[in-house]
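Could you walk me through this model in my viewer, one selection at a time? Please tell me what to pick next and what I will find there.

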Amino acid sequence: MPQSAQSLVLLGGGHSHAIALRRLIQNPLPSGAIDSVTLISEAPRAPYSGMVPGHVAGVYGREDCFIDLRALCDRAGVALRVDRAVGLNLGDRQVQLASGETVGFRWLSVNLGSTPLVPPGVQPLLGRSIIAAKPIQALLANWDALLSALPRWGSRPLRLVVVGGGAGGVELALAAQRRLQPLMGDRLSITLIQREAKLLPHLAPAVGDRVAQVLQAQGIELVLSETITHATLIGTDTQLRAASGQLFWGDRVLWATQAAAAPWLAATGLATDPQGFIAVNRYLQSCSHPQVFAAGDVATMVEQPRPKAGVFAVRQGRPLADNLRAAILGQPLKPFKAQKQFLSLINLANGQAIATRGRWAFTGAWAWVWKDYLDRKFMRQFQRL
């Protein structure tokens, strides 16, 4: 599709871009500053990751945790293009789309998120019996399909395996247990496999121990220090093989391991970190191409490295919007200063949550109430435009 030479393209409908769109509604660009703004997203609605485990558990409805990108774009005067990016031609300043078309840009901002890192021996079953935790739309479609299949499951046991002992894997395991236990009773078994010797190793030391106790209390089997390297479908059973040779079996596998970048980014010519994420400076601007900005999981702040966590995508939204505005208007950019310690609220799916920051951690119903309040408050800014 032809595009003006003076255009801004927002690639991806992640949290940072949702906030940037709201910022455009509040503070529009001056008339004539740019000819067009386009958001390219794989879907017209974007999930808020903080509420997805609650939705899996049955606490939230689908509408509670999805941002209406079309409504945001309409209010901001932004064109929405529902398509998937498969490459960039930085020389011609074009985004290449899965449809075969291209979208040109003068300025580009990337907020595509990430997907779990899947070893080659597991990839053939991805999207079949193995369900990646991201992209979230695909996760929820597969989750809906599993729930729809349960009335025809008969007397068979349901074996669910969750691979990955970070916050995402822990929350999904506990959420699935809460939703499925009333439906399956003692025919349900859930196993959580973690490659490291502790759960949530990047958080306060006490957090992993507390989560392990909750998993045990909920009847979820915890397997530590095992790395899954291969998966094989044998009949309707999925066999998982660990590097140690240990075998695990499941009917469905949720894959929630560490984040990985879109493979096509490596061929764009953009500067990346060793894991393939876009390297950005303190202005959220590409270290190699000043016309490109990036935020959220897809970006690595080389001067301020931080974990891949949704809190940074949210906090980067406003400074990203302001620096895009400044770049378009030829004004100085302002640095984004990432917090060194950040609050994590982990949904335990039992009416409680763990609140942790730095080396302290607290567990209780109040933490769940706090998390629920913050999540709903975040969503209200998009639901009440």
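Start by selecting strand E12 together with strand E18 (residues 252-255): the two run parallel and are joined by four bridges. To see one position in this pairing, show the side chain of valine 161, which stands opposite valine 253 in E18. Keep in mind as you go that this is a predicted model.

Stay with E12, residues 158-163, and colour the strand by accessibility. Five of its six residues are buried, so the strand is mostly covered.

Next, add strand E13 (residues 188-193). E12 pairs with E13 in the parallel sense too, here over six bridges. For a landmark, pick valine 162, whose bridge partner in E13 is leucine 192.

Now bring in helix H5 (residues 167-184). Together, E12, H5 and E13 make a right-handed β-α-β unit.

For the last stop, move to the surface and select Trp360, Phe362, Trp366, Trp370, Tyr373 and Leu374. These residues make a nonpolar surface patch of about 600 Å². Two elements, strand E25 (360-364) and helix H8 (365-383), each give two or more residues to the patch. H8 supplies the largest share, with four residues.

Finish by zooming in on tyrosine 373, which is found in helix H8. Is tyrosine 373 buried or partly exposed? Its relative accessible area is 45%, so tyrosine 373 is partly exposed. That value is also over the 30% cut-off that patch residues must pass.

Conventions: Residues are numbered from 1 along each chain as its sequence is written. This is a predicted model: local features need pLDDT of at least 70, side-chain atom pairs count only at pLDDT 80 or more; totals for chains, interfaces and linings use all residues. Side-chain values use heavy atoms; hydrogens and water are left out. Patches are made of residues with over 30% relative accessible area and no salt bridge: like charges are joined within 9 Å, nonpolar side chains (Val, Leu, Ile, Met, Phe, Trp, Tyr) within 5 Å. Accessible areas come from the Shrake-Rupley method with a 1.4 Å probe; for residues, only the protein chains shown count as cover. A salt bridge is a side-chain nitrogen of Lys or Arg within 4 Å of a carboxyl oxygen of Asp or Glu. Buried means under 20% relative accessible area, exposed over 50%, partly exposed in between (1.4 Å probe, protein chains only). Two strands pair if DSSP finds at least two bridges between them. A crossover is right-handed if, with the strands pointing away from the viewer, the path from the first strand over the helix to the second runs clockwise.
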